[in-house]
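Biologist: Before we use any term for this model, I would like to see what it rests on. Please set each value against its definition.

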Amino acid sequence: MDAHSNEGRPPPHPRGATSGGGRRQVAWAVIASAVAGLSTYYSSLTRPPVSLKSLPASYALCAEGHRIYTVDDSKPVVDCILVDKHSVTATGTLNEVQLAWDEYQNELIRTFYGNEPTAKKPLPVYNVPAGSIVVPGLVDAHAHIIQYGFKMQLRLDEAKSLSDVLDLLENHVRDNPPGPDTWIEAMGWDQTRWSDTDGSFPTAADLASRPSLTSLPIALHRVDVHALWLSPRALSLTKEHLNGSFPSAIPGGEIVRDPTTGEPTGIFVDAAMNLVPIPKWSAWQMRDYAERTVKDALSVGLTSIHDAATSLEEFELFREMDDDNQLPIRVYAMADSDRLSPDDKNDIEIHDPSPAAHVRMRSVKLFTDGALGSWGAALLAPYSDKPDARGIMRLPEDDLQKLVGEWWHKGWGVNVHAIGDRANKAVLDAFENVSDDKDEVAARRPRIEHAQIMRVEDLKRSGELGVLTSVQPTHATSDMWYAETRLGPDRIKGAYAYQTLLKSSRNGVLPLGSDFPVEGIDPLLGFYAAVARLNTEGKSPHGENGWFPSERLTRAQALKGMTLDAAYASFSEDVLGSLSPGKRADFVILDRNIMDESQPFSEILETKVKATVVDGKVAYGGI
């Protein structure tokens, strides 16, 4: 990056850029400088490009040609931003931000330095590389921090066949010989992507088909974490844990059984997964997983993450990392209601020191149903490809209404997982019934997490109620190859309907996330999926124009969804989400212009993060 000056104190006063009365300020500064025998205090010397890992307290960052995308309607694109410590203080042209600096400097010397012009400080100006752009810090509005780090230990998501999964496990066991009672735990398998099976669930017998795996307790989480695949040894240990027999029915879950023998096949779905006695992760394991996630998040431009089901242990870990100055990203935690004991539910308190704090928890996460890929999404009518199934309601309607009311009246934000049309209808009913004051409901910003399959009338109703629909665009492009087979031609019209949801929203808000580690952590994959509705090979069931292309988002809508809309969903839009005067200086430098509508969608996938900046400081890469 080109640097014009490398000094940066004292910082400017947080004021917006001015363009009218600033001419007198500049004239005064030039005259005063001449009298004092000074050269102009903006150095025009161009230095060789360098990548700076550290920045001064105050500086201007420029991307000439209106290549800073602010997500601020008053100035959507600008050439420069002025940063003071942790905040943006002005935006505009280079001349405008220099005028803002001048104004403060003049005020400073009049107040403290007897109008002595030599007391003025030069403004460092940094230019991004040619072709690069600047966008606000990217936010993932729905993710799982600890689980991502765990998944990265053994990448089952890379398997394209059942045989690949078995190969990965054998290699892992060979490289990391387990003890006789050591559980092998991993996640990421997806039977719908395997080339050597018919798409049905795998079985314990499949794991036992490899001699090196036969005697090991193995528990493998499906990619959506709504199904668990056990080995024969793991099944045996689970049966012992349950005093010798498996329950015939599990509220909110299912043990898949062989239709001939009635014995468990090795697949446990949703609530049934809780029956399996997998050892808990240690504190050092969770710390290791979290640190891996933070490192990877910064490398792809994420500055904030909404952790969508945080246990109390995980929350304390985030606070500990923050206290140790080891948490450069911002974490908006949703307390996991499923992992709270009755005492926890009574004792837990909202933790929200400030909207810009790096650890906050003011909402709770509830779960209504399972996932589409495991036939667990709760539907109003049977699955088109499995007529004997309608999915699983982990929380029946009456229980959901009661639980929503309890948290609501305690003052907590309520965010509810809902994928199937029955689950989404139940959540909207609960929010509609929780208060007679619809404006109050909207002001509390309740959220449906996923909002994946909805009745057409419920797409509109969510907006009327002011319920935020927090969606994950890569779910659409991952599921599009089998979703219509699961749902049929009519229900699919209300599925993954992002443009419709945005237009229905009361305030034009559609928070975007990834649900990593279910999907990849890179937010640009979500950006691409939102605007292209294609897989990464440029394909879809509907051809190269995208899957249901009318539901595409524009590039501007997608960027807003993963910045300002995500900030709104976490009650932080006044300090985060856009590059506006007075907001935190969280931003990302990308090596090409993803906002250029004339460029092919494939260019988005080639984009690299040059730098991630949080609170005005470089957290990844260099400027």
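Modeller: Start with helix H15 (residues 483-491), where Ala483, Arg486, Leu487, Gly488 and Arg491 are buried. The model is predicted, so local features need pLDDT of at least 70 and side-chain atom pairs count only at pLDDT 80 or more, while totals for chains, interfaces and linings use all residues. Residues are numbered from 1 along each chain as its sequence is written, and side-chain values use heavy atoms, with hydrogens and water left out.

Biologist: What makes 483-491 a helix, and what makes Leu487 buried?

Modeller: Helices are DSSP runs of H or I with at least four residues, strands are runs of E with at least two, and both are numbered from the N terminus. Buried means under 20% relative accessible area (exposed is over 50%, partly exposed in between; 1.4 Å probe, protein chains only). Leu487 is among the residues of H15 that count as buried. Their cover includes helix H11 (421-433) and helix H14 (473-479), where contact means heavy atoms within 4.5 Å.

Biologist: Why are H7 and H8 called oblique?

Modeller: The axes of helix H7 (residues 283-299) and helix H8 (residues 312-323) come within 11 Å and cross at roughly 60°. Axes are lines fitted to C-alpha atoms, for helices over the stretch in contact, and angles run from 0 to 180 degrees between N-to-C directions. Under 35 degrees is roughly parallel, over 145 roughly antiparallel, 65 to 115 roughly perpendicular, and the rest oblique. The angle of roughly 60° falls in the rest, and H7 and H8 are therefore oblique.

Biologist: Which residues make the contact of H7 with H8?

Modeller: H7 gives Met286, Arg287, Ala290, Glu291 and Val294, and H8 gives Glu313, Glu314, Leu317, Glu320 and Met321. They divide into five nonpolar, no polar and five charged. Nonpolar covers Ala, Val, Leu, Ile, Met, Phe, Trp, Tyr, Cys and Pro, charged covers Asp, Glu, Lys and Arg, and the others, Gly among them, are polar.

Biologist: How do you know which strands are at the edges of the five-stranded open sheet?

Modeller: The order is E10-E11-E12-E14-E13, with mixed pairing. Strand E10 (184-189) and strand E13 (253-257) each have a single partner strand, so one side of each lacks a neighbour in the sheet. From one strand to the next the twist averages 25°. Two strands pair if DSSP finds at least two bridges between them. E10 and strand E11 (residues 218-222) run parallel and are joined by five bridges, so they pass that threshold.

Biologist: What joins E21 to E22?

Modeller: Four bridges join E21 to strand E22 (residues 609-614), and the two run antiparallel. Leucine 590 has valine 609 as its bridge partner in E22. Strand E8 (residues 133-136) is also joined to E21 by four bridges, again antiparallel.

Biologist: What makes the phi of aspartate 270 worth a remark?

Modeller: Most residues other than glycine have a negative phi, and most peptide bonds are trans. Phi of aspartate 270, in strand E14 (residues 264-270), is positive, near 50°. Its relative accessible area of 2% makes aspartate 270 buried. Alanine 451 also has a positive phi, of about 45°, and at 2% relative accessibility alanine 451 is buried.

Biologist: Which peptide bond is cis?

Modeller: The bond from phenylalanine 516 to proline 517, with omega near 15°. Proline 517 is in the loop between helix H16 (498-504) and helix H17 (523-532).
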